[in-house]
Amino acid sequence: MEFRFSGLSMENSTPQEPVKVLILGSGPAGLSAALYAARAEMNPVVLTGMELGGQAALTYTIENYPGFPEGVGGSQLGELFQKQAERFGARVEIDSATSVDLSQRPFRVTSFNGQFLADSLIIATGATPDHLLIPGENELTGRGVSYCATCDGWFFKDKKVVVVGGGDSALEEGIFLTRYAKSVTIVHRRDSLRAGQILQKRAFDNEKVKFIWNTVVTEVLGKETVEALRLKDTVTGEERIFPTDGMFIFIGHTPNTGLFKGQLELDEGGYIKTDTLMQTSVPGVYAAGEVADPIYRQVVTSAGMGAAAAMQAIRYLEENTKEAETTLEP
Ligand code: NAP
């Protein structure tokens, strides 16, 4: 039997910290949840995960978050979210969960730096960019292959780059890359784009942006750095070598749900299933943002989901505390 005293477990010498609302992830969903939980005096703790500020912090300019008519830097917005949550008492820890046990309450969460006993849990762990899974991609990642224009664009000053994908991300990041690159060639597997009309117009109007249609990249070539790509026409099957200094891949994302497999219901894409109240398949565990949203994936929608998840967690804790008090009454 486990013997606990003042939050210390004899099973493991690491103290187990009791937390009313534990939030995993520090993107727009996690930090909005933290703001709402903090304002309800729940003293939430946020474990940032490996990417402080989430994917939004890697975006150079966010032009569609309301309240910023001139746009706002992604990392700047993340800092503002954090500052606002901390002002009301949220604690943001640069730490990442390594395992969770959702089989009983309080939920047990182990992180790199500690262990937590959480009365409620809000999962806002986001999503990770998909890879093409072609020869040379892994070997040359960081040497010309990249998944983040904001992080790596600067290295391609006056160089030729390829962007793979035909969605909003490919076009938005491709247009961003024209700040540095001599030319940006968007390679798309079909002959029409998935991206919205505004971005399409901007890309077509930008003289540095070129398109190669009906084409996939089948191999990344280069010794030390990217030198060329092997391209294959999806209609004719013809192959050719396309010289380039870099390749940015924006072909979608996979939700970060590995920790929860077998404990929470996931959909076929691996996203956490929630009801309209952000409730997962385990009462007291909520999910918000891209980890539970294969459709909208916007900063504003993730922030809204985070706020809603926190409101539900607060309600859940109030109801459960009331129930516990009622059962204790003589
Ligand atoms: P996405 O919309 O899923 O687009 C992925 C693109 O990559 C598609 O064009 C797809 O081709 C292509 N693709 C997928 N797998 C591929 C492969 N193995 N090889 C080659 N091409 C491949 O992903 P996203 O652009 O990251 O956008 C995700 C969500 O975020 C969307 O809802 C989007 O609207 C939103 N978003 C919005 C903004 C904004 O509003 N400013 C900015 C970024 C993202 P097919 O078209 O043939 O399927």
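## A walk through two sheets and their rings

Let's start with an open sheet of five strands, arranged in the order β12-β19-β13-β14-β15, with parallel pairing. At its edges sit β12 and β15 (209-212), and each of these pairs on one side only. Keep in mind as you look around that this is a predicted model.

Zoom in on two strands of this sheet. Strand β13 (residues 160-164) and strand β14 (residues 183-187) run parallel, and five bridges join them. If you want a spot to put your finger on, try Lys-160, which stands opposite Ser-183 in β14. There's a helix to find here too: α4 (residues 168-177) packs on the sheet and touches β13, β14, β15 and β19 (246-249). Compare the direction of helix α4 with that of β13 and you get an angle of about 170°.

Now hang on to Lys-160, since this residue leads us to another sheet. Its charged end sits over the ring of Phe-242, 5.0 Å from the ring's centre. And Phe-242 is a residue of β18, where it is the bridge partner of Leu-229.

So what does the sheet with β18 look like? It's an open sheet made of three strands, in the order β16-β17-β18, and the pairing is antiparallel. The edge strands are β16 (215-221) and β18 (239-243), each of them pairing on one side only. Going from one strand to the next, the twist averages 30°.

Let's go through this sheet pair by pair. β16 and β17 run antiparallel and are joined by six bridges. One residue to look for is Val-220, whose bridge partner in β17 is Leu-229. The two strands make a hairpin, with six residues between them. In that turn you'll find Gly-222, which has a positive phi of about 155°.

Next door, strand β17 (residues 228-233) is joined to β18 by five bridges, and again the two run antiparallel. You've already met Leu-229 as the partner of Val-220, and on the β18 side Leu-229 is matched with Phe-242. Just along the strand, Arg-230 has Ile-241 as its bridge partner in β18. β17 and β18 form a hairpin as well, this time with five residues between them. The turn contains Gly-237, with a positive phi of about 80°.

Time for the rings. How many aromatic pairs does a search of the whole structure find? It finds nine. In one of the pairs, Phe-176 and Tyr-180 have ring centres 5.7 Å apart and planes at 75°, so this pair is edge-to-face. Is Phe-176 buried or exposed? Its relative accessibility is 7%, so Phe-176 counts as buried.

Another pair, Phe-248 with Phe-250, is stacked: the rings are 6.5 Å apart from centre to centre, with 15° between the planes. Phe-248 and Phe-250 are both buried. Elsewhere, ring pairs tie Tyr-65, Phe-68 and Phe-81 together into a cluster. You can also go looking for Arg-39, which lies over the face of Phe-88, 4.8 Å from the ring centre.

Let's visit a loop next. Thr-141 lies in the loop between β11 (127-129) and β12 (145-146). Why is Thr-141 called partly exposed? Its relative accessible area is 35%, and the partly exposed class covers values between the 20% limit for buried and the 50% limit for exposed. Now look across to Thr-225. In sequence, Thr-141 and Thr-225 are 84 residues apart, while in space their C-alpha atoms are 8.9 Å apart.

Finally, step back and take in the whole thing. The protein has six helices and 21 strands. Along the principal axes, its C-alpha atoms fill a box of roughly 80 × 45 × 30 Å. Of its 330 residues, 48% are buried. If you take the contacts with a separation of 6 or more, 59% of them come from residues 24 or more positions apart. As for the outside, the protein exposes about 17200 Å², and carbon and sulfur atoms supply 52% of that area.

Note on methods: Residues numbered from 1 in each chain as written. Predicted model: local features only at pLDDT ≥ 70, side-chain atom pairs only at ≥ 80, totals over all residues. Heavy atoms only, no water. Pairing = 2+ DSSP bridges. Helix = DSSP H or I, 4+ residues; strand = E, 2+ residues; numbered from the N terminus. Axes fitted to C-alpha atoms, helices over the stretch in contact; angles between N-to-C directions. Phe/Tyr/Trp six-rings, centres within 6.5 Å; stacked < 30°, edge-to-face > 60°. Buried < 20%, exposed > 50% of the residue type's maximum accessible area, 1.4 Å probe, protein only. Lys NZ or Arg CZ within 6 Å of the ring centre and 35° of its normal. Contact = heavy atoms within 4.5 Å. Areas by Shrake-Rupley, 256 points an atom, 1.4 Å probe, with all protein chains shown as cover.
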